[in-house]
Amino acid sequence: MTRPAVDSVDGVSPAVAIQQKNPTKTSRSTVGTATEIHDYLRLLWARIGRTICPECGRHIRPDSVQTAVDRVRELPQGSRIQVAFPLPLSPEVSNDLVAENLRALGFIRVLADGWEIHLGESEQVTAAPRFAGAGELLVVVDRLKVGDASRSRLADSLGTAFAEGEGEAIVLVANGRDASERLAFTERFRCPVDGHTFPEPTPTLFSFNSPMGACPTCNGFGATLEFDLDLIVPDPERTLEDGAVDPWTKPRYEDRRYFLRDLAKKHRVSMRKPWKDLPEKFRRVVLYGSEEFEGVFEQLERLKRTKRYKQYIRVFVRRYQTQQTCPDCRGARLRPGALNVKVDGQTIAEVCGLPVEKLRRWVHDLELTDHEAQVAETILRELRSRVTFLDDVGLGYLTLDRQARTLSGGEAQRINLANSLGSALVDVTYILDEPSIGLHPRDTERLYRLLERLRDLGNTVLVVEHDPDAIRRADHVIELGPGSGESGGDLVYEGDYDGLLASESLTGDYMAGRRSIPSPADRRPVDGTRLKLEGARLHNLEGIDIEIPLGALTLVTGVSGSGKSTLVHDVLYRALERKIEGATSAKQHLGEQVGSYRAVRGAGALSGVVLIDQSPIGRTPRSNPVTYLKAWGEIRRIFADRPEAKRQGLAPSHFSFNVGGGRCEECQGAGQIEVEMLFLADVYVTCDACHGRRFKPEILDVRYRGRNVHDILSMTVDEAIKFFIKEARLGEQLWQLQRVGLGYLRLGQSATTLSGGEAQRLKLARELAAATRRRGHRLYLLDEPTTGLHLHDVRVLIDVLEQLIDVGHTVLVIEHNLEVIKQADWIIDLGPGAGVHGGAVVAMGRPEEIVDAEVSETGRFLGALLEAGGRG
């Protein structure tokens, strides 16, 4: 998508690349801080926020000279008053020293507990009780009568009192011969009823990343690490003998198991009885201890307190801790002083907890006084603009307090896009990599309108995209190909959309309908055995029930943020792990959540569950496709069988770059050296010893058909299949990569260079290779496997999924791509909206039934596709 009629470039405009990646790792970054919306909210609260006393509910306002003068002038005309300020004293100070200092400042009277003392009369000062021992010592600034003529004099006196009294001033009003009324004024935020003092609202007070604003208990994280019973006793069905108390199953704590057996014998409790059936009193002793026995919680607390300096102890203890909402700030992250300041009756934490779509309405409907509106005019203009853009890019379901590290790559990219729109730059080239990933067709429409708005502002927008709707809306299309990897890289077509339709390119064929992904002629029966999940509950899922026909292709659909990933990843997958394998692989101590459910039925028909997500297959250059697929072992065997290898006594292990023997020891077989850059990201440089070849010279001298192991690692999958044409077992393993459209990858390509979609298809290839060898029927869960795929590759992927089902497995896919959705035997559509508006089953059934569901957004778009003959 580019600006129309761009034939030449007179100058080079700045470029902004918005990647499909979330680089945030820290818990301190939130959606609000990443979009700068939180910065403007902090300014708004600092400028017009009202400090409310939590005890009496009074609006706390600091006094000024003007407000104090106005209050005093409300007294009856002619009233006699004294303007004074309090003077705190050290017990060591003498009367004479106080009098001398005050006289030097021009003050001649003080009131010590109401007794007036003239500082010019030394006998009176000496005879007076010690000033330092007085309950209250007031320094008189002026004595005057209330009246029009005294206004300026009164203002000067009050100004002096505030200045000398460190923001405190007192006006004493004579009510008779001995009685007087007191008016207390303060420039501080202090409640006149109960005396509570509050900090002055400043932007830093509302920042949880500043010591000035962060909750002192959780340091601004909103949560504290606490020991979790569910991690200490992960399976209540286990017995003490089988390791019900997980920390004491470790080899280091054999003595604890010995003490536990003694304790059980003393309490006459069986070690072979499930934990949940043990007496409550005994369980409490095991967990929390007694006078003669140290419980597991006590032990962990002691280790944390006394042995934290040892790394292995820190790692051990951390395994049993989870983040619990901070008991003081209740997750708000801020200190109490910040949470006492409100705008429109709301604290800044409460507003940050609103979904963006609700925040948009709150900011636009905010009712302010004329003075507040004038002060906040610029702040509100920026706020409304940025919140609107964030909602318009399809992120209305997010809250500002959502941690940025929990966002998907697509959500992070759209946040960056919203920031770009908010900056209102012109004459800039924006480069976006597949911004439609993770978006429902309803949301892509809004996205493309925003990109067109960027274009209309005078910018150039360059989008790498496979979505047919994006291609149709483009002003200029550039197609590269004709194939992938070594077969690609050529300019196949360049021009407008109409020209693309007339071209003979692969994309042109699909867009013009000369090629298509046909709808299935017959859908598989779904009236057999079904897997049922009842009462799924987490985030926006409120106890929903779903059914999944076994031996069929099920699609989970719905608008972005409707709860699809929560349902499949955090509830269904974790539930089946527990049901089939007896435990969950979730790292709950690192924040991975496990949803609750009422029941799982039909899981007995499954032999296993496999989640194929987009997480990396490895985080270092050492990991690559051929090792992940376990095909490198076959290549090592082939090289070890060569005559040159046998003469040197080389075994298959010598051709491994992960163990010592044949690898380059300088780089440990990585081919690269990691260079730490301290505050910057670490970089990798080519190893000087092996020049990136990974192995020792004698290993590289061994050749198979003229190629050494380094040459093999440099081959693409397509090349390797042809090269090892006579190696049936190896060819079978590599063919699985080719089947999922990864024939262009190099065998030794670093895992760190693979996209999320490539990593997911690599996992799928490994499962395909193992599927024919495994017995039983498995459930495969995939999350948007079409990420990064051309329509032609989508067709290949669909064939692969069909083959998994044909051998007896069940496939469940989270997907937005309508070409895949129309292939479904069964659809579970969530919604109807996102966030709090989602989490419900809108429709469940055959694709044709989803189309008939009036409230289904998916059904609306799917119906249009099926009516068009199923052609994208």
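This report describes a helix, a nonpolar core, a pocket and two buried residues in a predicted model.

## Helix α31

Helix α31 runs over residues 791-806, and its 16 residues reach 23 Å from the first C-alpha to the last, which is close to the 22 Å expected at 1.5 Å a residue. Its buried residues are Leu791, Val794, Leu797, Ile798, Val800, Leu801, Glu802, Leu804 and Ile805, a list in which Glu802 is charged. After α31 comes Gly808, which has a positive phi, near 105 degrees.

## The nonpolar cores

The largest nonpolar core holds 72 residues, and the members that touch the most other members are Trp632, Phe655, Ile712, Leu764 and Val811. Helix α31 supplies the largest share of this core, with 8 residues. Another core lies apart from it and has 62 residues, including Leu44, Leu334, Leu451 and Ala834.

Val811 shows how α31 is joined to other parts of the chain: when residues up to four places away in sequence are not counted, Val811 touches Leu801, Leu804 and Ile805, and also Ala552, Leu553, Thr554, Tyr780 and Leu782. Leu801, Leu804 and Ile805 are among the buried residues of α31.

## The second largest pocket

The second largest pocket encloses about 700 Å³ of space. Among the elements that give two or more residues to its lining is α31, together with α18 (441-456), α19 (468-473), α32 (818-821) and α34 (857-867).

In total 34 residues line this pocket, and those nearest its centre are Asp467, Pro468, Asp469, Asn817 and Leu818. The lining is mixed in character, with 13 nonpolar, 10 polar and 11 charged residues.

## Two buried residues

Ser623 is placed in the loop between β23 (608-612) and α23 (625-628). Its relative accessible area is 15%, and Ser623 therefore counts as buried, the cut-off being under 20%. Leaving out residues up to four places away in sequence, Ser623 touches Ile617 and Gly618, as well as Gln749, Ser750 and Ala751.

Glu758 belongs to helix α30, which covers residues 756-771. With a relative accessible area of 12%, Glu758 is buried too, because this value is under 20%. Its contacts, leaving aside neighbours within four places in sequence, are Leu742, Tyr744, Leu745 and Thr753. The C-alpha atom of Glu758 is separated by 9.3 Å from that of Val740, a residue 18 residues apart from Glu758 along the chain.

Notes:
Residues are numbered from 1 along each chain as its sequence is written. This is a predicted model: local features need pLDDT of at least 70, side-chain atom pairs count only at pLDDT 80 or more; totals for chains, interfaces and linings use all residues. Side-chain values use heavy atoms; hydrogens and water are left out. Helices (H or I, at least four residues) and strands (E, at least two) are DSSP runs, numbered from the N terminus. The expected span of a helix is 1.5 Å times one less than its number of residues. Buried means under 20% relative accessible area, exposed over 50%, partly exposed in between (1.4 Å probe, protein chains only). Contact means heavy atoms within 4.5 Å. On a 1 Å grid over the protein atoms alone, a cavity is a set of points where a 1.4 Å probe fits but cannot get out, and a pocket is an open set with protein on both sides within 12 Å along at least five of seven lines; lining residues have an atom within 4 Å of a point. Grid points are joined across faces, edges and corners, and a volume is the space filled by probe spheres set on the points. A nonpolar core is a set of buried Ala, Val, Leu, Ile, Met, Phe, Trp, Tyr and Cys residues joined through side-chain atoms within 4.5 Å.
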